[in-house]
Each structure stands twice: as C-alpha cells, then as structure tokens.
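Me: I've got a structure open here and I'd like a close look at a single part of it. Could you take me through one spot slowly, and then show how it sits among its surroundings?

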Amino acid sequence: MSHGATQGLTILGMPVDLHILIMTWMVMAVVVLLAFIATRNLTEVPTGMQNVFEWIISALNGQVSASLGERGPAVAPFFVSLFLFILIANWWGLVPGMTSPTRSLNTNFGVAVVVVILLHLLGLYYKGFKYIKHFFEPIFPFVVINLLEEIVKPITLSFRLFGNILAGEVLIHILPQILPNVFLEVIPGVVWLGFSLFVGVIQAFIFTILSVSYFANAVKESED
C-alpha cells in the first residue's frame, strides 16, 4: 500500500506517518473489541473467545509471577495488554489492505520506551534509593556501563520485532511476483501465511517475556 498521501505530516517538527498511526489505533480498537467480546458473557466453563483469553492470561500470569514474585500480579495486566497489542499488530499486515504497525520502527521503539520508562518508575516506587544505588554497583565507574545497558534495551527490543515483521510482510507481497504460475503462487503463499502467523505469536511472546525479565530487576523483592 502506498504511503505517499500520509507523508509530510509533522508534529513539533518531527515527521509522523499518519498511515501507521491509523493502523495502530485500529489495532487498539480490535484489542478492546476482542476483550469486550470475551468478557461480556462470562461463564464458569469458558468457551470461545473467553477460553482463548483465559488461556493467554493464565499463561502470562504464570510467567510474570515466576519472574516478579509477589509483586507480579500488580503488573500482570500490563503484560497481558502488551502481548495482545503486539500480537494483533503483528498479524494486522496479513489482512488485505492493512499494514502491521510493528513493521514501523517508530511504533516498536515507542512501545519499548514505554516499557523501559514504566520499569524505572516502578523500580523507584518499590525500592526507592536502593534502585538508584544499583546503577553504581559493583563499583562507581560501572554506572556508565549500567546506563548504556538501559539505553540499549529499547533499541534491541524494537529492532528485533521490526526486522521479523517487515521481512514477513515483504515476502508475502513479492511471492506472487516471482513465482511463475498460480499453482506455485498459492501453495508457498499459504505456507508462508501460516508461518507468518506463527512468527507473529513468537515475536509477541519474546517481546513480552524480555520485558518481564527487565521488570524483574526493578520490581522483584530483594532476597537480602
């Protein structure tokens, strides 16, 4: 899809891709809609969308509690929302006429920055001065290395997701152009579509679990 009509928009002197912004809001609307459908008629024996959501929530709650301990349940809803947003965003480009927000590095970096900012805020909330002190450990000069590590976190999170989703969308679009007939177009296309769905799940899970691991250092209670 051409993005030419969306280029040229600037906010505070910075360029903004309005097309990706619209796709992002559409994905958020879909996540909210799915959550509404899953919770509007809750039953003791879950079925349909409720069953899917309960499975996702249970799986992520287990991972979060294992990593963050007793403070895990307080932040678990954030990680469930994060996973669902990235998952739907990864799949969104597979819908004809749509574009995955996560194929934009700006989207991924923005989400990663939110993760890093939140983990530092929670670190200060739960540990106070001790959280600041850990940047200077084991000795004072290590503050440079520790700060660089925090700067690298959102960069690595965003680039990993960006590369995988962009590659998947590009291949889906070029397969029909490079294969010689309809039969050879359909079979690889279907196979790659299934693979892209699988990669979308894996990348959403990896992004979320890495975020959980980052939170563990900031939120988990010290054993000493």
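What follows starts at one buried leucine and works outward to the helices.

Me: Let's take leucine 119: where does it sit, and what does it touch?

Reply: Sure. Keep in mind that this is a predicted model. A bit of orientation first: the protein has 7 helices and 2 strands, and along the sequence the order is β-β-α-α-α-α-α-α-α. Of its 224 residues, 33% are buried.

Leucine 119 belongs to helix H4. Its relative accessible area is 1%, so it counts as buried. Leaving aside residues up to four places away in sequence, leucine 119 touches Tyr131, Glu150, Tyr214, Phe215 and Ala218. Take tyrosine 214 from that list: it is 95 residues from leucine 119 in sequence, yet the two C-alpha atoms are 7.4 Å apart in space. For the wider picture, consider contacts in the protein between residues at least 6 apart in sequence: 68% of these join residues at least 24 apart.

Now follow Glu150, another residue that leucine 119 touches. Glutamate 150 forms a salt bridge with lysine 153, with the closest N and O atoms 3.0 Å apart. The structure holds 1 salt bridge, and this is the one. As background, side chains of opposite charge can pair when their charged atoms come close. Both partners are in helix H6 (residues 143-178), and because they are 3 residues apart there, about one helical turn separates them. Lysine 153 and glutamate 150 are both buried.

Back to H4, which spans residues 105-127. Helix H3 runs alongside, and the two axes come within 13 Å and cross at roughly 175°. Angles over 145 degrees count as roughly antiparallel, and H3 and H4 therefore fall in that class. On the H3 side the contact is made by Ala74, Val75, Phe78, Leu82 and Phe85, and on the H4 side by Val111, Val115, Leu118, Leu122 and Tyr126. By class, that contact comes out as 10 nonpolar residues, no polar and no charged. Leu118, one of the H4 residues in this contact, comes just before leucine 119 in the numbering.

Tyr126 is worth following too. Besides its part in the contact between H3 and H4, Tyr126 is touched by arginine 71. That arginine lies in the loop between helix H2 (48-68) and helix H3 (72-92). Arginine 71 has 18% relative accessibility, so it counts as buried, the cut-off being under 20%. Its other contacts, again not counting residues up to four places away in sequence, are Val219, Lys220 and Glu221. With valine 219 there is something more specific: the arginine 71 side chain reaches the backbone oxygen of that residue at 2.7 Å.

From the loop you can step back along the chain to H2 and its contact with helix H1 (residues 18-39). The axes of H1 and H2 come within 7 Å and cross at roughly 110°, which makes the pair roughly perpendicular. Leu34, Ala35, Ile37 and Ala38 of H1 meet Met49, Gln50 and Phe53 of H2. By class, this contact has 6 nonpolar residues, 1 polar and no charged.

To pull it together: leucine 119 is buried in H4, it touches Glu150 of the salt bridge, and its helix is roughly antiparallel to H3.

Note on methods. This is a predicted model: local features need pLDDT of at least 70, side-chain atom pairs count only at pLDDT 80 or more; totals for chains, interfaces and linings use all residues. Side-chain values use heavy atoms; hydrogens and water are left out. Helices (H or I, at least four residues) and strands (E, at least two) are DSSP runs, numbered from the N terminus. Buried means under 20% relative accessible area, exposed over 50%, partly exposed in between (1.4 Å probe, protein chains only). A polar contact is a pair of N or O atoms within 3.5 Å; within protein, one must be able to donate a hydrogen and the other to accept it, and residues adjacent in sequence count only if both atoms are side-chain atoms. Contact means heavy atoms within 4.5 Å. Axes are lines fitted to C-alpha atoms, for helices over the stretch in contact, and angles run from 0 to 180 degrees between N-to-C directions. Angles under 35 degrees count as roughly parallel, over 145 as roughly antiparallel, 65 to 115 as roughly perpendicular and the rest as oblique. Ala, Val, Leu, Ile, Met, Phe, Trp, Tyr, Cys and Pro count as nonpolar, Asp, Glu, Lys and Arg as charged, and the others, Gly among them, as polar. A salt bridge is a side-chain nitrogen of Lys or Arg within 4 Å of a carboxyl oxygen of Asp or Glu.
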